[in-house]
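Me: I should like a close look at a single part of this structure, the packing of its helices. Please give one connected account.

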Amino acid sequence: YRAALGGSWSPGVAAALALAGLPYALMALMMTFLHDDALAARPWAVLGAIARLGPSFLGLCLTVAALFALVGVAFAAALALRDRAFWAYIAASLACWLLAAWLPIVAMHALGSYYAPRQGRLKWRRKRPRRGAR
């Protein structure tokens with residue numbers, strides 16, 4: 001993106017590009033984890049699954065994006081404390097890292113909870129049973 005613009009940088013455009021790629025990334029993660037196969041997330045399969053789910057999946061993606069933005073705001077607030085109150089900055093940074101570690105867990109749980117009632121609409125079939133399952 002930056003090279004296409006000749007070296008100029010726009011945070012708004014970068015955020016819009018990241019927001020546009022988030023549904024693809026989340027669906028690819030969901031396909032990979034639920035199939036136990038790294039090759040399950042083929043581009044056409046991912047785009048087809050996003051099209052089948054439609055606006056409800058995009059709403060979930062916006063929720064996850066808001067959580068990522070919350071982590072970014074928390075880090076920015078912690079960084080603002082750095083010069084004024086160093087020990088508060090240390091405590092806030094630790095809290096931010098805990099939040100950053102917790103967010104992917106919440107996002108994956110939200111994706112799994114979203115998938116469960118929509119299994120039939122996605123029509124994902126396993127070629128082989130999961131490990132440890134009959």
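What share of the contacts in the protein chain with a separation of 6 or more comes from residues 24 or more positions apart? With that settled, please turn to the contact of helix 1 with helix 3 and to the nonpolar core.

Reply: The model is a predicted one. In its protein chain, 62% of the contacts with a separation of 6 or more are made by residues 24 or more positions apart. The chain contains 5 helices and 0 strands, so that, by the DSSP assignment of elements, the order from the N terminus is α-α-α-α-α. Of its 134 residues, 25% count as buried. The exposed surface amounts to about 9,100 Å², and 69% of that area is supplied by carbon and sulfur atoms.

The part requested begins with helix 1, residues 11-35, and helix 3, residues 55-80. Two packed helices are described by the angle between their axes and the distance between the axes. Here the angle is about 105° and the axes lie 10 Å apart. Angles of 65 to 115 degrees count as roughly perpendicular, and helix 1 and helix 3 are therefore roughly perpendicular to each other. On the side of helix 1, the contact is formed by Leu19, Leu22, Pro23, Leu26, Met27 and Met30. Helix 3 meets them with Phe57, Leu58, Cys61, Leu62, Val64, Ala65 and Phe68. Sorted by class, this contact comprises 13 nonpolar residues, with no polar and no charged ones.

Leu26 offers a view of this contact from one residue. Apart from its neighbours within four places in sequence, Leu26 touches Phe57, Cys61 and Val64, and also Leu111. Phe57, Cys61 and Val64 are among the helix 3 residues that meet helix 1.

Leu26 also belongs to the largest nonpolar core, which has 22 residues. Leu26, Met27, Met30, Phe57 and Trp124 are the members with the most contacts inside that core. Two or more residues each come from helix 1, helix 2 (43-53), helix 3 and helix 4 (86-115). Helix 1 gives the most, with 6 residues. As a general background, nonpolar side chains tend to be buried together in soluble globular proteins.

A second helix pair completes the picture. Helix 3 packs against helix 4 at an angle of about 175°, with the axes 8 Å apart. Because angles over 145 degrees count as roughly antiparallel, helix 3 is roughly antiparallel to helix 4. By class, their contact has 22 nonpolar and 2 polar residues, and no charged residues.

Conventions:
Residues numbered from 1 in each chain as written. Predicted model: local features only at pLDDT ≥ 70, side-chain atom pairs only at ≥ 80, totals over all residues. Heavy atoms only, no water. Axes fitted to C-alpha atoms, helices over the stretch in contact; angles between N-to-C directions. Helix = DSSP H or I, 4+ residues; strand = E, 2+ residues; numbered from the N terminus. Parallel < 35°, antiparallel > 145°, perpendicular 65-115°, else oblique. Contact = heavy atoms within 4.5 Å. Nonpolar A, V, L, I, M, F, W, Y, C, P; charged D, E, K, R; others polar. Core = buried A, V, L, I, M, F, W, Y, C linked by side-chain atoms within 4.5 Å. Buried < 20%, exposed > 50% of the residue type's maximum accessible area, 1.4 Å probe, protein only. Areas by Shrake-Rupley, 256 points an atom, 1.4 Å probe, with all protein chains shown as cover.
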